[in-house]
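User: I want to learn how to read pockets, sheets and helix contacts from a model. Can you take me through them one by one?

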Amino acid sequence: MSNYPPNYHEQLEQFWHTYVSLGTLDDVPPAGLRPEIAQSWIRSKKHRVNPLDVKARTLTSDQTRELLARKKNLLDAAKSYISNIYSFVEGSGYMVVLTDEHGYTLDMIGDDDMIRTMTHNSNLVIGANRSEEYAGTNAIGTSLVIQRPIQIWGEEHFVRSHHPFTCSAAPIRDARGRIVGCLDLTGPKEHTHAHTLGMVVAAVGGIEKSLQMEETNQTISLVNKQLRTTIQSISSGVVMIDRFGTITQMNDLAANLLHMTPEALYRKNLADIIRLPSDLDTLDFFSKNISNKEVAFVTPSGLTTYLSLTATVIYNDYQNQIGAVVVIDEVKKLHKLVSKMSGFQATYTFDSIIGHSPEIQNIKELGMIAAGSSSNVLILGESGTGKELVAQSIHNASNRSRGPFIAINCGSLPKSLIESELFGYEAGAFTGASKDGHPGKFELAEGGTIFLDEIGDMPLDLQASLLRVLQTKEIIRIGGKRAKTVDVRIMAATNQNLKESVANNTFRNDLYYRLNVFTINTPPLRDHKEDIKELSDYFIRSCNASLHKNITGLSPDAMAALQKYPWPGNVRELENVLERAINLSRSEEIQIWDLPEYVTGLNSLEEMEHAQTAHVPAQPVYTAPQTVGSMKDMEKTTILNALIKTAGNMKKTAEILGIGRRTLYRKIEKYEIDVDSFR
C-alpha cells in the first residue's frame, strides 16, 4: 500500500460505507479517495449496480462457444503468459483471469479454493461479464473504461463481496492499438503488493507482441497467397529468383513453358535450365533490367523452342540487388500480340464482296472451299479487282481467323528491304540494324496468314528463299544461324501472267507450281457489268456517311454512262469516280455532268445536253429554271465551286472537274470568269 495516500486503507471502509452503502454518491466524493475510483463509483451507481450483490450477466453455452472460437487468437497468444504468471503465485490464493474487450471471461486459472470462492461469491465463470456495468468498480471493468492498467484494492471495489481481494488488470491491444481483451490477477488484499500490477503489465506486453507477430504472420501469409494467386493469373510465365539465380517461386504457365513440373523447377538455378546467350549470364539479371531478350530453350525431350525473357531487378532498402522477377513468353505468342497491336488483322469477309453475277458467286464459292483448306492460294486478276478483299475473306472464314493477316506488296518495297521485311534480321546483321534484331513478317504472321501481293515483281534471288519457306516451313533471319519453324499460310496475288513470266525466266518455275495449288481468278468489272448498279449503291452509301452527303443514286443517263464505260481500273476506279461525283453533285442524284469526261465520253455542254434529252425525248430535264437553273448555269456554278476549292489552281480545278485544262480554259473564257479573283 506504499503507493497509496497515508492512512488510505484505513479510510476506505468508511468511504465505502458513507458513499456507497448509504447511497450518498450524489454529493462530491471525499478528497482522500483516488479520483479514478470516485469516478468509477459514480458510473457504477448510474449502471444501477447493487453494492451488496453482483449484477449477474453470463452468456449461454452456445454464445460462450462462439465467443471462444472468435477469440482463439487472443487465447492462444495469452495461454503461456497466464501459465507463467500463475507459476509465481501458485498456492497463495491467487487467480489469473483473461477477458475480451467487453469484459466477458475467456479463461481463468487459480487455486481451487480461490476459484470456488469467486464462483460462489460473484458468479465468476467462463462467459461471465466483469464490466463496470455488471460488476461495478473492479480492475477488469475499470481498466477497460479508462483504457490503462489499474490496481483496485479491497474496499475500492463497488460490490462488498469483492472487498477481501485486490485486483490488478491491464487492457490488451492488438497491432493497430485497438483493445481486444484484458488480463487480471486477483488475490487476497493482505498479500498484494504494487509489484503485482507490474507483473500483469509485463505479461500484457508479451501477449501484445505475440498478437503482433501473429498478425504479421497472417499478413505475410495473405500477401503470399495474393502473390501466388496474382502470378497464377498472369498470362505470361513468371519466375522469381534470388540474387544467385535460384528459383524461389513460379506460376504454372512458367513450368509449362519450360516443360517441367513446379516441383522440379523449385530451388533450381535458372541458368541451368535455360541456355542463355553468351552476352547474358545469370548475373546480368542483377546488373540491369532486361527487356524481351530472345533465348533458345531445349526441352527435356530435346525439342528446341524460343523464349522471350524480361527481367526486373529487385532491390532492398539499401539499394542492394537481392533478386529478380523474370517474365517468360513464347516468341510466337509475342509476335501474335505485336501483329494484333499493329493492326495486322483482316477486316473483310465474303459478305463484303458486292455483286450477284455468276462471276462473283463463283469467286465466293471457290473462296469458301479455299477457306476450308490449308493449301496455298494464288489469286490472279487485274489491278483493282479486289484480290486482297478475296484473300482477307478466305482468311476470316478459315480456322486461322483469330491469327494475324499480314499483307506485303512485293512491288512497292525496294529490293534491299524485301528480305529483311519478310524474314527479319539478327542484331548487328548489317549497318543500322537494331541492336536487338527484328522479326520479319513471317514470324509476325505466326498462326495466321501472310498475303504476298504483286508477287510477280519479287526478285529471283528472294524467290528462292520463299521457295525454301514453302518447302520446309522454316525461316532464317538475315545474319542468323538458327532456322525457326513458322506456322503460316501463304496467299499470293499478281496481275501478271505468271506462265509468261516463267517462260521469260523472270519467275521460278518451281515456285510457281508451289504457289499455284489453289487458283482463284478475280474477273474485271467489264465482265460483270450487271453488278455495277449494286456496287454503285454500296459506294454511294459509304461515301454519304464519310462525306456527310445525302445522295440517293444516279440519274438514268449517268448510270447508262457507267454501264457503257469499259472500266480499265475495275472496281477501284468505279469507287473513285463515284466519290468524285458525290463531291461535285449539287442535287440529290448524281448527274452525267458530275462524271469525268473520260467516263462519259462527252467533252462539250451540247453533247451533255443531247445525252440528257436523248433518254427522255418527250420532255426536258429541267422545267423550272427559276429554282434549278439552266444547264449552262449549273456548269458555270460547278466551275466556280471548283475554283473556290482550289484557290484558282487551274490544274487541280481540271482534275476535280474531270476535264482537260484546255477545255477548262475554253469554258472559263466562255463564261467570262475572272480566275485571279479566286487566288
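User: Which classes of residue line the second largest pocket, and how many of each are there?

Analyst: Start with the chemistry of the wall. This is a predicted model. Its second largest pocket is lined by twelve nonpolar, nine polar and seven charged residues. The pocket holds about 690 Å³ of space.

User: Which residues lie closest to the centre of that pocket?

Analyst: The lining counts 28 residues, and G384, T385, G386, L389 and V571 are the closest to the centre.

User: Which elements give two or more residues to that lining?

Analyst: Four helices do: α13 (358-371), α14 (387-397), α20 (532-547) and α22 (570-584). The largest share comes from α14, with five residues.

User: Now the enclosed spaces. How many cavities of 30 Å³ or more are there?

Analyst: The count is four. Take the second largest cavity, with about 120 Å³ of space. It has 14 lining residues, and the closest to its centre are M118, R130, C167, D184 and T186. Strands β1, β4 and β5 each give two or more residues to this lining, as does helix α7 (139-146). By class, eight of the lining residues are nonpolar, four polar and two charged.

User: Some of those strands must belong to a sheet. How do I read one, and in what order do the strands of the open antiparallel sheet stand?

Analyst: Strands of a sheet pair through backbone hydrogen bonds, in a parallel or an antiparallel way. Here, five strands form an open sheet in the order β2-β1-β5-β4-β3, with antiparallel pairing.

User: Which strands stand at its edges, and why is one side of each left without a neighbour?

Analyst: The edges are β2 (105-110) and β3 (150-153). Each has a single partner strand, so one side of each has no neighbour in the sheet. Ignoring direction, neighbouring strands are turned by 15° against each other on average.

User: How many bridges join β1 to β5?

Analyst: Six bridges link β1 (residues 95-100) with β5 (residues 179-188), and the two run antiparallel. For a residue pair to click on, D100 stands opposite G181 in β5.

User: What lies across this sheet's strands β1, β2, β4 and β5?

Analyst: Helix α5 (residues 112-122) lies across those four strands. Helix α5 runs at about 140° to β2.

User: And where the pairing is parallel, what is the strand order?

Analyst: That open sheet also has five strands, ordered β12-β15-β18-β11-β19. Its edge strands are β12 (405-409) and β19 (518-522). One partner strand each is what they have, so one side of each is left without a neighbour in the sheet. The twist averages 20° from one strand to the next.

User: How many bridges hold the pair β15 and β18?

Analyst: Four bridges, in the parallel sense, between β15 (residues 449-453) and β18 (residues 489-494). One example is L452, whose bridge partner in β18 is A492.

User: Last topic, helix packing. At what angle do α26 and α27 pack?

Analyst: Read the angle and the axis distance together. Helix α26 (residues 650-657) and helix α27 (residues 661-670) pack at about 100°, and their axes are 9 Å apart. That angle makes α26 roughly perpendicular to α27, because 65 to 115 degrees counts as roughly perpendicular.

User: Which residues make the contact?

Analyst: From α26 they are M650, K651, T653, A654 and L657. From α27 they are R661, L664, Y665 and I668. By class, the contact has six nonpolar, one polar and two charged residues.

Notes
Residues are numbered from 1 along each chain as its sequence is written. This is a predicted model: local features need pLDDT of at least 70, side-chain atom pairs count only at pLDDT 80 or more; totals for chains, interfaces and linings use all residues. Side-chain values use heavy atoms; hydrogens and water are left out. Two strands pair if DSSP finds at least two bridges between them. Axes are lines fitted to C-alpha atoms, for helices over the stretch in contact, and angles run from 0 to 180 degrees between N-to-C directions. Contact means heavy atoms within 4.5 Å. On a 1 Å grid over the protein atoms alone, a cavity is a set of points where a 1.4 Å probe fits but cannot get out, and a pocket is an open set with protein on both sides within 12 Å along at least five of seven lines; lining residues have an atom within 4 Å of a point. Grid points are joined across faces, edges and corners, and a volume is the space filled by probe spheres set on the points. Ala, Val, Leu, Ile, Met, Phe, Trp, Tyr, Cys and Pro count as nonpolar, Asp, Glu, Lys and Arg as charged, and the others, Gly among them, as polar. Angles under 35 degrees count as roughly parallel, over 145 as roughly antiparallel, 65 to 115 as roughly perpendicular and the rest as oblique.
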